[in-house]
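Please find below my notes on this model, set out as numbered points. They go from the cysteines to the sheet, and then to the surface, the charged pairs and the backbone.

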Amino acid sequence: MSANASIDIDASHVDIIVSGHICLDLIPQMEHVTPQALATPGLLLEVGQLDSATGGTVANTGLALYRLGVKVGLMASVGDDLIGEAIVQNLSQIDPELVRCIGVLPGRQSSYSLVLSPQRADRTFLHCTGTNSTFDETSVDYSLLKRARIFHLGYPPLLPRLIEADGERLQRLFSLAKATGITTSMDMAMPDPNGPSGGANWPAILNKILPEVDVFLPSIEEILFMIRRPDYNAWQGDILGHLSAEYLFDLAGELIQMGTALAGFKLGELGLYLRGASAERIQRLKTLALDAGAWANMAYWQPAFQVEVAGTTGAGDAAYAGFLCALLNGA
């Protein structure tokens, strides 16, 4: 099946379509390995068993929504290799319906990430883009969006065709999606500072696409890298320690000025920050039963729950899924 082929799926039973980046995460158990050891050349480091899981926003956010009881459709592509087979098999074991919108590209390498989670430190990803390198505005079946309520796209920095020419294809994708009447949402990934995504003109890209994006909740690290690089560089290693209510209010306001309706940031252990635009702009989320007056011009910080951390892989995607589920239920 081609990734661009029309897929026979009853979208009347799908509330949220999650599209964009998908991969297989390969996660060695390495809790006893220190970050310093990883940075020391010439060492042999013994690790535990290798865990694997579907990753990327399509799998992470999509499966979190599924577990929350949301009727979700997953729209992405994989290759016809062992990694692609593993991705499809993992999703099929959960529910065969989840792979109905997953296309298979013959002769292509699937995407994977090697996830390094050393002792008492955030994870590092070694990532292969694979079939995600072909994802563009033609990879979305817009006829399915007409019967859903939210379209969520994830990880433009890892979908290279979408960010070429200052995001022309990304703008076209969201313009076509928004034309169906659906509520649109976008999540980000951290650009590679030494790769094409790190060199992209992110202020220009965001100014171009946010008028078509209703909900935008990147991580604080991602958005600082994209539009406030001097602060990102100066605060490296202690971003959360430099934040204030005034700073977050101003930063979210900058995204609202660019055109989005609901802007906010995933703040890791500090929770989630959210700010709303005008009531008129909130009203463009026509597929959701929101009280525009209650959401308009609001600023809100939701602290995180205190938990025993098993790992941070997919945490931001799961947080976004919880937020979309709340929107869907008219919170």
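1. Accessibility terms come before the residues: buried means under 20% relative accessible area, exposed means over 50%, and partly exposed is in between, with a 1.4 Å probe and protein chains only. The model is a predicted one, in which local features need pLDDT of at least 70 and side-chain atom pairs count only at pLDDT 80 or more, whereas totals for chains, interfaces and linings use all residues. Residues are numbered from 1 along each chain as its sequence is written, and side-chain values use heavy atoms, with hydrogens and water left out.

2. On the cysteines, a disulfide is taken as a pair of cysteine sulfur atoms within 2.5 Å, and by this rule the count is 0. C23 takes part in no disulfide, since the nearest cysteine sulfur, that of C128, is 9.6 Å away. Seen from the other side, the closest cysteine sulfur to that of C128 is the one in C23, and the 9.6 Å between them is too far for a bond. C23 is buried at a relative accessible area of 2%, while C128 is partly exposed at 22%.

3. For the sheet, helices (H or I, at least four residues) and strands (E, at least two) are DSSP runs numbered from the N terminus, and two strands pair if DSSP finds at least two bridges between them. With these rules, 9 strands make an open sheet of mixed pairing, ordered β5-β4-β1-β8-β9-β10-β11-β12-β13. Its edge strands are β5 (102–105) and β13 (299–302), each of which pairs on one side only. Strands of a sheet pair through backbone hydrogen bonds, either parallel or antiparallel. Here β1 (residues 16–20) and β4 (residues 72–79) run parallel and are joined by 4 bridges, with V18 standing opposite L74 in β4.

4. Which residues does K266 touch, leaving aside those up to four places away in sequence? With contact meaning heavy atoms within 4.5 Å, the residues touched by K266 are D187, L217, P218, S219, I220, G271, L272, G316, A319 and Y320. K266 itself lies in strand β11 (residues 262–266) and counts as buried, at 10% relative accessibility.

5. On the surface, L38, L43 and L45 make a nonpolar patch of about 240 Å². Patches are made of residues with over 30% relative accessible area and no salt bridge, where like charges are joined within 9 Å and nonpolar side chains (Val, Leu, Ile, Met, Phe, Trp, Tyr) within 5 Å; the accessible areas come from the Shrake-Rupley method with a 1.4 Å probe, and for residues only the protein chains shown count as cover. L38 belongs to helix α1 (residues 35–38) and is partly exposed at 38% relative accessibility.

6. A salt bridge is defined as a side-chain nitrogen of Lys or Arg within 4 Å of a carboxyl oxygen of Asp or Glu, and the structure holds 10 of them. One of these joins R100 to E97, with the closest N and O atoms 3.0 Å apart; R100 is partly exposed at 29% relative accessibility, as is E97 at 46%.

7. E137 and R169 meet through their side chains in a salt bridge of 3.8 Å, N to O. Because E137 lies in the loop between β7 (124–128) and α4 (142–145) and R169 in helix α6 (residues 168–179), the pair ties together parts that are 32 residues apart in sequence. E137 is buried, at 10% relative accessibility, whereas R169 is partly exposed at 22%.

8. The side chains of R284 and D214 also form a salt bridge, at 2.5 Å, N to O. R284 is in the loop between α12 (279–282) and α13 (292–295) and D214 in the loop between α8 (202–209) and β10 (215–216), so this pair ties together parts that are 70 residues apart in sequence. D214 counts as buried, at 0% relative accessibility. Elsewhere, E137, E164, R169 and R172 are joined into one network by salt bridges that share partners.

9. Finally, on the backbone, D166 has a positive phi of about 55° although it is not a glycine; D166 is placed in the loop between α5 (160–163) and α6 and is partly exposed, at 32% relative accessibility. N297, also not a glycine, has a positive phi of about 60°; N297 sits in the loop between α13 and β13 and is exposed, with a relative accessible area of 59%.
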